[in-house]
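Here are some notes for a colleague who is opening this structure for the first time. The points are numbered so that each can be checked in turn against the sequence and the coordinates.

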Amino acid sequence: YRTCSIADHTLDDANLETRCPLDDGQYGNNPRYTIGTLDELPSEIIINVLLRLDVPTLTLLRRVNRRAMAIVSSLYPYRMIRQYCPDVLRAVISLNASSYDYQTLWDALPVCSKCDGCDLFGSYLYIVTGKRVCYLCFTSGWKYIPTMPPMAWDAGLSQDAVGELPSVLSLPGLYTQSRDQSFNRIVLIDRQAAVDYDVLLGQQRLQARRFMAVISAPFFRSCAGQPPAVDWGVFCGTCRDKMDPDDMYFRIKYTMDQVAHHAQQHEGSKTKDQVSQLPELDQASF
C-alpha cells in the first residue's frame, strides 16, 4: 500500500501549496527584455550556471523578467521537480535552504534512492542538506536533529562559524504525531555539520525539530528507452503489524524494485500477491 494512516505532521502537512504558490503559467511567453550579458552565452553554459545556483536564488532570478522565467522553466530538472513533486520545491524555497545548489537537489532524486544514514529507501528529503533520509533515520538518528544558533554558540562556535553551517528557516505549524506547535520561524542548523554537543538534551525537546525539515520525495527511476518512472515507494502489507526495525517494520518504505526483493526474502505469498497487484508507476513525459 502507498499511504499510511498515521499523520506525522512533517512539511507534507504544512499546507505548502497555499503558503508558497508557484508562478508557472501565470505569464505570457513573449518576453520583451533579455537577461543582459547572460543571454550572450551558449545555452549549455547558461544551463550549467543556473543549475549551480541554490533554489532560493534561482527563484529570485525567475522574478527578474519573463525571459529569466522562461529560461529557468525550461531547465529539465526544474520541470521534473515542478511537475512531479512541487511540494519539494515549495519546501526548499519556503525554508530558504541555500546551502546546496539546484543540481545537488536534482541529483538526490534520480541518482540514488538510498537513505543518507542507512541502506533503506530514503523516502524523505532532509531539506537542510538536500539528502535523502528514511523514516527510521530522521525519527531516531542523532544527525537529523537540527540544532539552533544559541546552542552552537554555547558549544563554543563563533557567530561567523555558525553562519557558514547549512541551515534553514522553519515554518510555524504543528509537528510530530503529538501535534507539537511551533509559533515562530526558527533557524535550524545541520547538527552533523556543527558539533556533537546536545546529545544529553531531553528527547521531547528535540522531537519537533526532527519533523520541521523533512518532506516526502520520490525516486525518478530510469527506464530503458522510456521516460523516468516516478516512484514514491510503497509499504509492505505483510509488515503492517510488524515492529522490528531491523527486519520487518510497518513504517519502512520500499521502492518497487526493493519490495519485490523484500517479498522474496520473506517468501510470503500474501506479499507476492500484493506486489503483483501494485499500480504502475507514473511515467514522466518530456
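1. Thr 176 is a good place to begin, and in this predicted model it counts as buried, because its relative accessible area is 5%. The residue belongs to the loop that runs between strand E4 (173–175) and strand E5 (180–182). Its backbone also deserves a look, since Thr 176 is not a glycine and yet has a positive phi of about 75 degrees. As background, most residues other than glycine have a negative phi.

2. Asn 96 likewise has a positive phi, near 55 degrees, in a residue other than glycine. Asn 96 is found in the loop between helix H6 (86–94) and H7. Is Asn 96 buried, partly exposed or exposed? With a relative accessible area of 41%, Asn 96 is partly exposed.

3. The loop between H6 and H7 also holds Asp 101, which counts as buried at 14% relative accessibility. The side chain of Asp 101 makes a polar contact of 3.5 Å with the side chain of Arg 52, and a polar atom of the Asp 101 side chain lies 2.7 Å from the backbone nitrogen of Thr 104. Leaving aside residues up to four places away in sequence, Asp 101 touches Leu 51, Arg 52, Leu 53 and Asp 54.

4. Asp 54, one of the residues that Asp 101 touches, has a contact of its own at the start of H3, where one of its side-chain oxygens comes to within 2.9 Å of the backbone nitrogen of Thr 57. Helix H3 (residues 55–62) has as its buried residues Val 55, Pro 56, Leu 58, Thr 59 and Arg 62. Viewed down the axis of H3, these buried residues fall within an arc of 160 degrees, and they therefore line one face of the helix. The cover over the buried residues of H3 includes helix H2 (43–51), helix H4 (66–74), helix H5 (76–84), H6 and H7.

5. Turning to the aromatic residues, a search of the whole structure finds nine aromatic pairs. One of them joins Trp 106 and Phe 220, whose ring centres are 5.4 Å apart and whose planes meet at 45 degrees, so that the pair is classed as tilted. Because Trp 106 lies in helix H7 (residues 102–107) and Phe 220 in strand E8 (residues 219–223), the pair ties together parts that are 114 residues apart in sequence. Trp 106 counts as buried at 9% relative accessibility, and Phe 220 is buried with a relative accessible area of 1%. Ring pairs also bring Tyr 76 and Tyr 84 into a cluster with Trp 106 and Phe 220.

6. What arrangement do the rings of Tyr 135 and Phe 138 adopt? Their centres are 5.6 Å apart and their planes stand at 85 degrees, so this pair is edge-to-face. Tyr 135 and Phe 138 are three residues apart in helix H8 (residues 135–140), which means that about one helical turn separates them. Both Tyr 135 and Phe 138 are buried. The ring of Tyr 135 has a further partner in Arg 251, whose charged end sits over that ring at 3.9 Å from its centre.

7. The cysteines call for a careful reading, since the count of disulfides is zero. Cys 134 is in no disulfide, and the nearest cysteine sulfur to it, that of Cys 118, is 3.6 Å away. Why is the sulfur of Cys 239 not bonded to that of Cys 236? The sulfur of Cys 236 is the closest cysteine sulfur to that of Cys 239, but the distance of 3.5 Å is too far for a bond. Cys 134 counts as buried at 3% relative accessibility, and Cys 239 counts as buried at 1%.

8. The last point concerns Phe 250, which is found in the loop between strand E10 (234–235) and strand E11 (253–254) and counts as buried at 17% relative accessibility. The C-alpha atoms of Phe 250 and Cys 236 are separated by 7.1 Å, while the two residues are 14 residues apart along the chain. Not counting residues up to four places away in sequence, Phe 250 touches several residues, among them Tyr 1, Ile 6, Phe 235, Cys 239 and Arg 240.

Terms used:
Residues are numbered from 1 along each chain as its sequence is written. This is a predicted model: local features need pLDDT of at least 70, side-chain atom pairs count only at pLDDT 80 or more; totals for chains, interfaces and linings use all residues. Side-chain values use heavy atoms; hydrogens and water are left out. Rings of Phe, Tyr and Trp (its six-membered ring) pair if their centres lie within 6.5 Å; planes under 30 degrees apart count as stacked, over 60 as edge-to-face and the rest as tilted. Helices (H or I, at least four residues) and strands (E, at least two) are DSSP runs, numbered from the N terminus. Buried means under 20% relative accessible area, exposed over 50%, partly exposed in between (1.4 Å probe, protein chains only). A charge sits over a ring if NZ of Lys or CZ of Arg is within 6 Å of the ring centre and within 35 degrees of the ring normal. The arc is that of the directions from the helix axis to the C-beta atoms. Contact means heavy atoms within 4.5 Å. A polar contact is a pair of N or O atoms within 3.5 Å; within protein, one must be able to donate a hydrogen and the other to accept it, and residues adjacent in sequence count only if both atoms are side-chain atoms. A disulfide is a pair of cysteine sulfur atoms within 2.5 Å.
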